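Me: Please take a close look at the packing in this model. Which elements touch, and through which residues?

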Amino acid sequence: MSEVDAAADILMEVSLDDPVPSDVAPSESTLVTIGATVPTGFEFTAAAEVEEKLGCRCKISKDRGKIYFQINMDGLAQVHRLRSVDNLFVIVQEFSDFPFKESKEAALEDFKELASKLPWEKALKTWELNNNLKKKKKKRRPDKERKQQVVPSVTDRTDKIENDKETVAPSTAQEESSSLDQQEVDSPEGLAEDLSPEVSPEDDGGEDSANTETGKVLKFRVTCNRAGDKHSFTSNDAARDFGGAVQEHFQWKADMTNFDVEVLLNISYNEMLVGIALTEESLHRRNITHFGPTTLRSTLAYGMLRLCDLEPGDVIVDPMCGTGAIPIEGVNEWPACFFVAGDNNRNAVNRTASNISSLLKRQQSSESYTQGLPIDAAQWDISRLSLRTGSVDVIITDMPFGKRIGSKKKNWDLYPACLLEMSRVCRVGTGRAVLLTHDRKCFIKALARVGHLWRKMHTVWVNIGGLHAGVYLLKRTTLDLADSSSERLEENHPLSPESPAKEE
Ligand SMILES: C[S@@+](CC[C@H](N)C(=O)[O-])C[C@H]1O[C@@H](n2cnc3c(N)ncnc32)[C@H](O)[C@@H]1O
């Protein structure tokens, strides 16, 4: 038995244990393992959503940013309705310890051998079923017409030793190209969306659900993601040689841009996973039609909102809402709450209003039409919110990091003022705040000054476009602002970057 055969047999050992199917036990033949990419840091939130909505437990990938779960094929539509996941794929086979050869030639030979040995059938059946469910990618204007320059993607690993990604048409080295156009455009502050407006709401004109049963020759591409410093090959090499073998095995046609099937080859150190993509574009692209410089992904917004333990009737305020990504995700998922979005920038408030209006239009054209949405937008300054004292249950916001918006220097005034005004409007004893920032030093020092008003309950560390940011969950103490010595903030002790900040 070759090492590749042996590794292929390992599938049974590494397949997910503890699937918790709902009422009817699905048969082995319809059980498939789905992989989903999630915002790094919110893996457990995503796993909790999957357990709650699909009734199955998840495995979280060692290298973070991914979860895996088993479903019955007929539950695929529900998977597309998850709010915490970005991209979906079905697993063809997973190897927990692939014997990558030391010599490049031998390692690539193994990739070639592998294609014909993989158990493709169930994954391809899932892909076929999925063709009617997935949202088709919308056409975008060519790069040169885009309003804003595309920023090369920042990798998701801060401890990266080597991490590369290639999408390659097999066996045509001269045609190899990076799939930059397919990658997320990550900004250093929040995850900026592609700023270019979509050309048309129609599908991309591609052929409808390509079908293995129609006899039509499918078009495909292989995308390889690789992390690890000990491989003798690059992701480009692996994608090309594995892709060549896939082409030979299925007699498919390689096509980099107009493909029916995207085969994924994810290599992380000694682990390898072969999968088939089930999403053409990330599921985080769902709410926002009017983007700003630091629009937050809907999936991150959802993760933050889940931390708040929202109850029907809660009043939730995003006082620095930008394009409104957080409250708009909130009103979609928690329509029994009331959301207020505000910002001091007029353009931001206008964008939020336009995004709310787009959502209303979508709702009006859907069957679940209800009159209006429990959300409103206002222009204000965080230090003087036009809200009654103790009238808010939850404050949730993505604060200026001081990189794209504002400056680190300004944050030394902004953050303490923000925490103080938040403590005024939030309900004493029960109010919560969920705050995202990359300027951790300034935040921790500002928080220390109002430690009598806010108690830090929990911190989730997230990766925002390659930046290590914190999502802080705070609880309002029972101390009344009027009784407290909060005036210290305005006393002769302004916050300064020099004094030490303490963080866990
Ligand atoms: C990181 S952005 C928020 C991005 C937002 N989450 C989104 O998805 O678009 C921070 C926002 O804080 C706003 N801001 C900065 N200083 C402010 C202040 N003093 N009062 C209110 N908003 C402020 C900025 O205009 C900016 O829109």
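Reply: The packing is described below, from the sheet to the helix pairs and then the ligand shell. Residue numbers start from 1 along each chain, following the sequence as written. The model is predicted: local features require pLDDT of at least 70 and side-chain atom pairs count only at pLDDT 80 or more, while totals for chains, interfaces and linings use all residues.

The sheet is open and has 7 strands (DSSP runs of E, at least two residues, numbered from the N terminus as helices are, which are runs of H or I of at least four). Its strand order is β12-β11-β10-β13-β14-β16-β15, and the pairing (at least two DSSP bridges between two strands) is mixed. At the edges are β12 (375-379) and β15 (454-464), each of which pairs on one side only. On average, neighbouring strands of this sheet are turned by 15° against each other, direction ignored (axes are lines fitted to C-alpha atoms, for helices over the stretch in contact; other angles run from 0 to 180 degrees between N-to-C directions).

One edge can be followed further. Strand β11 (residues 338-343) runs parallel to β12, and 5 bridges join the two. Val340 has Asp376 of β12 as its bridge partner. Helix α10 (residues 346-364) packs on the sheet, where it touches β11 and β12, and its direction makes about 165° with that of β12.

Three helix pairs come next. Helix α5 (residues 104-114) packs against helix α7 (residues 235-250) at an angle of about 35°, their axes lying 7 Å apart. From α5, Leu108, Phe111, Lys112 and Leu114 are in contact (C-beta atoms, placed from the backbone, within 7 Å) with Asp237, Ala238, Asp241, Phe242, Gly244 and Ala245 of α7. Of the residues in this contact, 6 are nonpolar (Ala, Val, Leu, Ile, Met, Phe, Trp, Tyr, Cys, Pro), 3 charged (Asp, Glu, Lys, Arg) and 1 polar (the others, Gly among them).

Helix α8 (residues 298-306) and helix α9 (residues 325-333) make an angle of about 70°, with axes 9 Å apart. On the α8 side the contact is made by Ser298, Ala301, Tyr302, Met304 and Leu305, and on the α9 side by Ala325, Ile326, Glu329, Gly330 and Glu333. By class this contact has 6 nonpolar, 2 polar and 2 charged residues.

Helix α11 (residues 408-425) packs with helix α12 (residues 440-449) at about 35°, with axes 9 Å apart. Here Lys408, Asn411, Trp412, Tyr415, Pro416 and Leu419 of α11 meet Cys442, Phe443, Ala446, Leu447 and Arg449 of α12. The contact of α11 with α12 divides into 8 nonpolar, 1 polar and 2 charged residues.

Ala325, one of the α9 residues in the contact with α8, is also among the closest residues to the ligand, together with Met320, Gly322, Asn344 and Asp398. In total 24 residues surround the ligand (C-beta atom, placed from the backbone, within 6 Å). This shell comprises 11 nonpolar, 9 polar and 4 charged residues.

Terms used: Contact = placed C-beta atoms within 7 Å.
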